[in-house]
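Subject: Handing over the structure, with notes

Dear colleague,

Please find below the structure that I promised to pass on to you. Once you have opened it, my notes underneath should help you find your way around.

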Amino acid sequence: GVGGDSAAVGVVGRGRIGGYTGLFKQPSVVSLTALTPSRVCQLPIAVVYDHAFVEREFRQYLYAAIGQHMENMANWCSLVRESNISKRLMLAFELLAQEEGSRTIRIPSHQILGELVVARRESVARHIGQLFQAGRITKLDRWRVVLNPSDVAALGPVPADDRTDGARAG
C-alpha cells in the first residue's frame with residue numbers, strides 16, 4: 001500500500017487467479033494472505049506461456065479469470081463508498097458468499113473484516129450483533145453465519161458516530 005502500509009482490500013475464493021501480472025512480465029502490486037486454511041496451486045510462468053499462447057481454450061479461460069478477478073476487486077472497492085457500516089458488512093458478507101458459492105460463510109477475524117469495510121474492530125463486532133438481532137444473519141457458531149434473504153438497501157439509517165467510523169479506522 002501507499003507508504004508501505006498493508007491492509008485487506010478484497011477476498012478471493014477457491015479457483016480464483018492471483019499474481020497474474022507475471023503474465024505481463026510485471027511485478028505483483030498485491031500480496032495474498034489466507035484467511036482460512038487454504039491450498040494454493042502455483043504454476044511456473046513458463047508453463048502458463050507454453051499453454052496460453054498455443055491452446056485457445058486455455059487462453060480464453062485465463063482471460064476470463066483475469067476479468068473475474070478485476071470485477072471482484074472492483075466490487076470490494078465499491079462497498080467502502082457506503083456510509084452505513086451495517087450495509088458495508090452485509091455487502092461484504094454477500095461478496096464472501098459469492099466467493100464461497102454458499103449463503104453459509106466463515107466470517108474473517110473482526111480485525112480483517114474491519115480492514116475490508118473500513119471500520120474499527122469494535123464497530124464491526126457491534127454491527128454484526130445488530131445484524132444478528134435484526135435477523136439479517138443467523139449465527140451457526142463463533143465464526144460461521146448464514147445470510148438470510150434481505151434487501152441491503154433496506155438497512156435503515158445509523159447513528160452519526162457510526163457513519164464516519166472509517167475515518168477513524170486503525
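The helices and strands named here are DSSP runs (H or I over at least four residues for a helix, E over at least two for a strand), and they are numbered from the N terminus. Before the findings, please keep in mind that this is a predicted model, in which local features need pLDDT of at least 70 and side-chain atom pairs count only at pLDDT 80 or more, while totals for chains, interfaces and linings use all residues. Residues are numbered from 1 along each chain as its sequence is written, and side-chain values use heavy atoms, with hydrogens and water left out.

A good place to begin is Val9, which lies in the segment before α1. Val9 is partly exposed, with 48% relative accessibility; by this scale, buried means under 20% relative accessible area, exposed means over 50%, and partly exposed is in between (1.4 Å probe, protein chains only). Leaving aside residues up to four places away in sequence, Val9 touches Trp76 and Leu116, where contact means heavy atoms within 4.5 Å. Val9 and Val117 are 108 residues apart in sequence, yet their C-alpha atoms are 8.5 Å apart in space.

Trp76 leads on to the interior, since it is among the residues with the most contacts inside the largest nonpolar core, together with Leu89, Phe93, Leu113, Ile128 and Ile137. This core has 25 residues, and the term stands for a set of buried Ala, Val, Leu, Ile, Met, Phe, Trp, Tyr and Cys residues joined through side-chain atoms within 4.5 Å. At least two of its residues come from each of α2 (56-79), α3 (85-100), α4 (110-117), α5 (121-133) and β3 (144-147), and α3 gives the most, with eight residues. Apart from this core lies another one, of eight residues, which include Leu23, Ala52, Leu62 and Ala65.

Ala52 also belongs to helix α1 (residues 45-52), in which Val48, Tyr49 and Ala52 are buried. These three are on the same side of α1, because they cover an arc of only 100 degrees around the axis, the arc being that of the directions from the helix axis to the C-beta atoms. As a general rule, an α-helix has 3.6 residues a turn, so residues three or four places apart point the same way. The buried residues of α1 pack against α2.

Which charged side chains meet in salt bridges? The structure holds four salt bridges, each being a side-chain nitrogen of Lys or Arg within 4 Å of a carboxyl oxygen of Asp or Glu. In one of them, the side chains of Arg16 and Glu99 meet at 2.8 Å, N to O. This pair links distant parts of the chain, as Arg16 is in the segment before α1 and Glu99 is in helix α3, 83 residues apart. Arg16 is partly exposed, with a relative accessible area of 30%, whereas Glu99 is buried, with 7%. Another salt bridge joins the side chains of Glu94 and Arg103 (2.8 Å, N to O), and a further one joins those of Asp141 and Arg144 (3.0 Å, N to O).

With best wishes
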